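Here are some questions on strand pairing and on cysteines, with worked answers. Keep the structure in view while reading.

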Amino acid sequence: MYEHYYVNDNQTFNPGLHHEVHTKEHATILGIVSKTYVGYFSNEFEAVNSAKNIYQDADGCAICCHKAHRG
């Protein structure tokens, strides 16, 4: 299932001090205001790989992108 993905621009609000990738729905639930649109992808691995072009330390959210979460 395709989803819209965003990367959090503020790494200090993430547990691992990296830029977390979230689905649009989860970013909205969390109230993330400072975020960059990553794109519309079929899976979280593609989204995280694309987000690494924006922030090299991008990682999947442990909740909404748990398969691509590295910690």
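Q: In which sense do strands E1 and E2 pair, antiparallel or parallel?
A: In this predicted model, strand E1 covers residues 3-8. Three bridges join E1 to E2. The sense of this pairing is antiparallel.

Q: Which residue of E2 is the bridge partner of Tyr-5?
A: E1 and E2 are paired strands, and Tyr-5 has its bridge partner in E2. That partner is Thr-23.

Q: Which residue in E4 does Glu-20 stand opposite?
A: E2 also pairs with strand E4, residues 59-60, in the parallel sense over two bridges. Opposite Glu-20 in E4 stands Asp-59.

Q: Are the residues on the two faces of strand E2 buried or exposed?
A: Strand E2 runs over residues 20-23. One side carries Glu-20 and His-22, and the other carries Val-21 and Thr-23. Both faces are covered, and these four residues are all buried.

Q: How many disulfides does the count come to?
A: A disulfide needs two cysteine sulfur atoms within 2.5 Å. The cysteine sulfur closest to that of Cys-61 is in Cys-64, at 3.8 Å, so this pair is too far apart for a bond. For Cys-65 the closest cysteine sulfur is also in Cys-64, at 3.9 Å, which is again too far. By this rule the number of disulfides is zero.

Q: What is the relative accessibility of Cys-65?
A: Buried means under 20% relative accessible area. Cys-61 counts as buried because its relative accessibility is 4%. Cys-65 counts as buried too, with a relative accessibility of 0%.

Terms used: Residues numbered from 1 in each chain as written. Predicted model: local features only at pLDDT ≥ 70, side-chain atom pairs only at ≥ 80, totals over all residues. Heavy atoms only, no water. Buried < 20%, exposed > 50% of the residue type's maximum accessible area, 1.4 Å probe, protein only. Pairing = 2+ DSSP bridges.
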